[in-house]
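The following exercises concern the interior and the aromatic contacts of one protein chain. Please work through each task before reading its solution.

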Amino acid sequence: MTRDSATHVAFLIFPDFPMACLTSAIEPLRAANEISGCHAFSWTVLSEDGAPVTASANVIFQPDQALGDGIKPDYLFVLSGPDALFHTPSTGNGHLRYLARHGVQIGAVSGGVFPLAASGLMLNRTCSVHWAYRSAFEAEYPDIPMSDNVIVIDRNRLTVSGAAAMFDLMLSLIEEALDPSVMTEVACWFQHPLVRTAGVSQSVPAFKTGTVTDDLPQAVVSAIEVFSQNLEDPLSIADVADQVRVSSRKLERQFKAALGQSPLHYYRMLRMNAARQQVLYTRNSLTEVAQAVGYSSSSTLTRHYREAFGLSPTEERQKISRFKMENGQPFPLRDS
């Protein structure tokens, strides 16, 4: 099999990026080249200034070049944690917008949707947001539509929720560039049992349990969905039971049997996890965080937060801020 030119994929990495997302992208491309016997794909790792970048697993990566070094790939994916920013936003965002204007398909993996959204390139486009960042993303970018799907392709923007989803997206690129038989063999090489495409929803953990929502009774799944959609204005359990067409008593029994806790306790933990996303990944004040998850005062939020996580929101932000300051990444605090 021969090809006139390779599909060039670039990966822009920020400090604390998830290493698994990078390897889940490059390894299937490397395997596709080997299986097909041709140079079907090439890849380049970029950083903002070409300097080494430390991944979230504390592994140091040496990029091939800087973002502004004149590269023009076919695809560029942003890999980062949810609080990543360019050191020089006007220049970094300008480079991304320049590439988008000149036909580069731009995407992001997991927390990479945050700096991609900050660049302005997700305006009027829907993106995939990992469930662990959903509340924080909605608070930071309320005008950008979100999806729970593992892969979202909206015209020339490609966003995926995590490492396994990135592997799936690369399989799609392999199928498009080569053929389905190569894609299937790559999946089998890595014992990747299920190839997911756009339209498949994320698996979400049932908090504080050993299962995922896919494995729960339908009434419980439906109630959790109602809970998730009503964090800012919490409903009574009786109202939720009415919406999912079971009695309050039956919903209580099913929650305790499936999850070992009452629906009221689960609802509170869902709100606390949403609050924690905003505490960790946004600059919102505690009053704003409290209001976003249905509390009229930050003092009640603080009490429930401490019960859930063992420290207050302010203490958690101070802990994160100290860590980031030690690594040269100041994180401003707003506690009122």
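The exercises below refer to this predicted model.

**Exercise 1. Overall composition**

Task: State how many helices and strands the protein chain has, and what percentage of its residues is buried.

Solution. Step one is the secondary structure: the protein chain has 13 helices and 11 strands. Step two is burial: of the 336 residues, 49% are buried. Step three concerns the surface, where the protein chain exposes about 15,600 Å², with carbon and sulfur atoms supplying 49% of that area. Finally, consider contacts between residues at least 6 apart in sequence: 66% of these join residues at least 24 apart.

**Exercise 2. The nonpolar cores**

Task: Describe the largest nonpolar core and identify which element supplies its largest share.

Solution. Begin with the general expectation that nonpolar side chains tend to be buried together in soluble globular proteins. Here the largest nonpolar core contains 39 residues, and Phe11, Phe77, Leu79, Met166 and Ile174 have the most contacts inside it. Next, assign the core to elements: those supplying at least two residues each include strand S1 (7-13), helix H1 (19-36), strand S6 (75-80) and helix H5 (163-177). The largest share, eight residues, comes from H5.

Then examine Met166. Leaving aside neighbours within four places in sequence, Met166 is in contact with Phe11, Cys21, Ser24, Ala25, Phe77, Val109 and Val160. A second, separate core holds 33 residues, among them Leu231, Leu270, Ala275 and Leu311.

**Exercise 3. An aromatic pair**

Task: Classify the geometry of the ring pair Phe114 and Tyr141, and locate both residues in the chain.

Solution. A search of the whole structure yields 13 aromatic pairs. For Phe114 and Tyr141, the ring centres are 6.5 Å apart and the planes stand at 65°. Planes over 60 degrees apart count as edge-to-face, so the pair is edge-to-face. As for location, Phe114 belongs to helix H3 (residues 113-118), whereas Tyr141 lies in the loop between helix H4 (134-140) and strand S9 (146-147). The two are 27 residues apart, and the pair links distant parts of the chain. Both Phe114 and Tyr141 are buried. Ring pairs also join Phe114, Tyr133, Phe137 and Tyr141 into a cluster.

**Exercise 4. A charge over two rings**

Task: Determine over which rings the charged end of Arg271 sits.

Solution. Take each ring in turn. The charged end of Arg271 sits over the ring of Tyr267, at 6.0 Å from its centre. The charged end of Arg271 also sits over the ring of Tyr295, at 4.3 Å from its centre.

Methods: Residues are numbered from 1 along each chain as its sequence is written. This is a predicted model: local features need pLDDT of at least 70, side-chain atom pairs count only at pLDDT 80 or more; totals for chains, interfaces and linings use all residues. Side-chain values use heavy atoms; hydrogens and water are left out. A nonpolar core is a set of buried Ala, Val, Leu, Ile, Met, Phe, Trp, Tyr and Cys residues joined through side-chain atoms within 4.5 Å. Buried means under 20% relative accessible area, exposed over 50%, partly exposed in between (1.4 Å probe, protein chains only). Helices (H or I, at least four residues) and strands (E, at least two) are DSSP runs, numbered from the N terminus. Contact means heavy atoms within 4.5 Å. Accessible areas come from the Shrake-Rupley method with a 1.4 Å probe; for residues, only the protein chains shown count as cover. Rings of Phe, Tyr and Trp (its six-membered ring) pair if their centres lie within 6.5 Å; planes under 30 degrees apart count as stacked, over 60 as edge-to-face and the rest as tilted. A charge sits over a ring if NZ of Lys or CZ of Arg is within 6 Å of the ring centre and within 35 degrees of the ring normal.
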